[in-house]
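Please look over the model shown here. The report that follows takes it element by element.

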Amino acid sequence: MKAHSMVMLRRNFKHIARNPTTVFNAVLMPVVMLFMFVYMFGDAFSVGVDYVDYATPGLILLAVCYGLGSVATSVNSDMTKGVINRFKVMDISRGAVLTGHVIASVLTNLLAIAALVGVALLLGFDPSASVLDWLGLLGIVALLGVALAWFTVALGLAAKTPETAGMAAVPLVMLPFFSSAIVPAETMGPGLREFAQYQPFTPIIETLRGLLGGSPAGSDVIVAIAWCAGIAVLGYVWASATFTKRA
Amino acid sequence: MVVRMTNSAITASGLRKAFGDKVVLDGIDLEVGEGSIFSLLGPNGSGKTTTVNVLSTLTKADGGTVRVAGHDVATDARAVRAAIGVTGQFAAVDELLTGRENLQLMVDLNRRIHAGDGKRIVTELLERFDLVESAGKPASTYSGGMRRKLDLAMTLVGDPRIIFLDEPTTGLDPRSRRTMWSIIRDLVAGGVTVFLTTQYLEEADQLADRVAVLDQGHLVAQGTPDELKRQIAGTHVRLRFTTAAELDAAARLFPESTRDDEALTLRVPSDGGTASLRAVLDRLDEYSLGAEEFSVHRPDLDDVFLALTGRTTEVAAK
């Protein structure tokens with residue numbers, strides 16, 4: 001089972017190597033956003049701390065989301081092309097092809113986040129996280145990556161064409177903007193403020209912010225982990241059901 | 001031809017499948033002997049692909065039993081999958097990977113291949129299918145014929161003993177079609193059982209030990225290609241005349257012919273070779289008769305269908 005997932009992961013890597021623009025985008029866009037928000041808008045926002053320190057955790061989440069569009073598209077084109085029929089009549093673990101997509105997505109996320117944090121440090125980002133906090137951050141990011149990847153795989157499977165699959169993932173990319181990623185939720189207008197406060201990405205971002213600031217709030221961490229676990233289970237169950245139906 | 005029916009590679013009885021209220025397979029019984037080529041012949045929409053999908057575990061039947069390589073497809077799909085290879089109607093290759101990478105992927109996914117043998121298997125298949133030169137290019141750049149060859153090569157990784165080929169030559173040019181035929185013959189020479197669907201009578205005739213004709217989910221005929229062909233008119237020459245008088249005169253010259261007074265045509269049995277054609281023309285010349293139109297007609301699926309069901313394939317497809 002694990003071995004087949006690894007074979008499929010290798011296949012995903014080869015696809016990426018043949019068509020690197022998607023990963024290039026996934027890595028580059030968050031960095032561009034970082035420049036944009038820190039240099040262009042940063043002075044206009046009053047968040048109580050250095051803006052780069054405020055924005056980097058939010059952009060980490062944005063980096064995870066940004067990579068998802070291409071995951072939905074590539075899962076869907078796998079289903080609509082004949083190669084999946086070959087996999088289905090072979091004596092291989094059925095979910096391996098999906099697991100391959102999920103792992104590739106998480107690794108792309110980690111790469112994008114490494115680039116983002118690297119550039120943020122050059123721009124004066126000054127985290128006060130301990131080694132343990134960094135490990136915690138890595139854990140949350142990986143959990144979030146796995147959860148959103150399974151959810152996106154399900155979106156990709158449910159869509160009829162690769163194009164609609166790409167569109168289905170757009171809300172995931174937009175959602176971070178309506179959270180505390182860029183500006184604190186309290187500064188937003190009524191309605192939007194409540195939405196931003198209670199949507200799943202806000203506690204996740206606050207957890208990342210807490211970890212990077214060296215003082216994570218326990219309540220945020222628990223809510224964040226619960227959301228991630230919930231999304232992961234939902235995505236996995238939905239993806240498995242859709243995969244079986246299409247198979 | 002001796003049909004080796006001592007052991008059955010595939011048996012199906014009472015196979016039924018409907019999609020919604022559309023019945024696609026309505027009680028199919030068939031048996032395929034080990035090491036033989038079985039051809040399922042039928043027009044578009046007759047249920048060929050559904051049959052292959054059910055036999056190869058891709059689709060669940062609504063009723064009936066299927067055993068492939070001794071295993072029940074419903075209860076032991078994994079064991080069936082381990083024994084078969086399937087090449088569908090549309091090439092199931094990974095377009096972004098090269099030919100070699102596609103084959104390597106199959107090797108990596110096969111539980112029974114030892115790690116050390118992988119390279120050798122890939123190289124042998126590339127050579128056997130004449131794909132060495134394009135082995136390093138992505139499959140998306142391959143021609144239709146090359147793609148089919150790569151597809152079949154991928155199916156053969158791990159030496160499956162039973163192979164399903166769904167319309168393996170549809171859309172191929174005549175040369176690629178002949179190449180595919182010789183590959184299929186080689187497979188069977190090596191003891192492999194082949195289940196093949198086709199729209200071409202000629203293909204079934206060339207390859208198959210047994211043929212079954214599928215029409216709207218029913219098997220309307222089953223037998224050797226020769227048995228099947230005996231039920232239909234063989235190759236013949238068709239002559240069309242301008243007047244009934246000419247048709248009368250010509251009909252007297254060829255006593256074994258059949259005439260159609262309405263169309264003013266005469267059907268003269270012939271093997272289609274130059275000698276027999278010349279004999280027909282010489283005989284017409286001898287009596288100073290000239291046909292307005294002259295054509296050689298080979299029996300095809302249409303003729304089989306007309307003979308077996310009284311309908312043309314176009315009507316059957318509706």
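## A kinked helix in chain A

Helix α3(A) has a kink of about 30 degrees, centred on A:P57. The model is predicted. The helix covers residues 51–66 of chain A, 16 residues in total. From its first C-alpha to its last it reaches 21 Å. The expected figure, at 1.5 Å a residue, is 22 Å, and the helix comes close to that.

Is α3(A) enclosed or open? Of its 16 residues, 16 are buried, so the rest of the structure largely encloses it.

## Helix α6 of chain A

What span should α6(A) have, and what does the model give? This helix runs over residues 96–122 of chain A and holds 27 residues. At 1.5 Å a residue it should span 39 Å. Its end C-alpha atoms are 39 Å apart, so the two figures agree. Just after α6(A) comes A:G124, with a positive phi of about 105 degrees.

## Chain B overall

Chain B has twelve helices and 14 strands. Its C-alpha atoms fill a box of roughly 75 × 45 × 35 Å along the principal axes. The chain has 318 residues, and 43% of them count as buried.

Contacts in chain B can also be sorted by separation in sequence. Take those between residues at least 6 apart: 67% of them join residues at least 24 apart.

## A four-stranded sheet in chain B

Four strands of chain B make an open sheet, ordered β2-β1-β4-β5, with antiparallel pairing. Which strands stand at the edges? They are β2 (22–33) and β5 of chain B. Each has a single partner strand, so one side of each lacks a neighbour in the sheet.

Strand β1 (residues 8–19) of chain B runs antiparallel to β4 (residues 63–68) of chain B, and five bridges join the two. Within this stretch B:T11 stands opposite B:R67 of β4(B). B:R16 has B:G63 in β4(B) as its bridge partner. In a regular strand, side chains alternate between the two faces of the sheet.

## The β4–β5 hairpin

Strand β4(B) also pairs with β5 (residues 71–72) of chain B, again in the antiparallel sense, over two bridges. B:V68 stands opposite B:H71 of β5(B). Two residues lie between the strands of this hairpin. B:A69 takes a positive phi there, near 55 degrees.

## Nonpolar cores

The largest nonpolar core has 149 residues. Which residues have the most contacts inside it? They are A:L61, A:W150, A:V153 and B:L55. Helix α7 (residues 131–158) of chain A gives the most to this core, with 15 residues. A second, separate core has ten residues, among them B:F241, B:A250, B:L266 and B:A291.

B:L55 repays a closer look. Its neighbours within four places in sequence are left aside here. Beyond them, B:L55 is in contact with B:I10, B:A12, B:V66, B:V68, B:V73, B:F164 and B:F195. B:V68 is also the residue opposite B:H71 in the hairpin.

## Where the chains meet

How many residues does each chain bring to the contact? Chain A brings 16 and chain B brings 23. On the side of chain A that touches chain B, the elements giving two or more residues are α1 (2–18) and α5 (83–88) of chain A. Helix α1(A) gives the most, with six residues.

This side of chain A is mixed by class: five nonpolar, five polar and six charged residues.

Terms used:
Residues are numbered from 1 along each chain as its sequence is written. Chains are lettered from A and ligands numbered from 1 in the order in which they are written. This is a predicted model: local features need pLDDT of at least 70, side-chain atom pairs count only at pLDDT 80 or more; totals for chains, interfaces and linings use all residues. Two strands pair if DSSP finds at least two bridges between them. A nonpolar core is a set of buried Ala, Val, Leu, Ile, Met, Phe, Trp, Tyr and Cys residues joined through C-beta atoms within 7 Å. A residue is buried if 20 or more other C-beta atoms lie within 10 Å of its own, exposed if 12 or fewer, and partly exposed in between; C-beta atoms are placed from the backbone. Two residues are in contact if their C-beta atoms, placed from the backbone, lie within 7 Å. Ala, Val, Leu, Ile, Met, Phe, Trp, Tyr, Cys and Pro count as nonpolar, Asp, Glu, Lys and Arg as charged, and the others, Gly among them, as polar. The expected span of a helix is 1.5 Å times one less than its number of residues. The bend at a residue is the angle between axes fitted to the seven residues ending there and the seven starting there.
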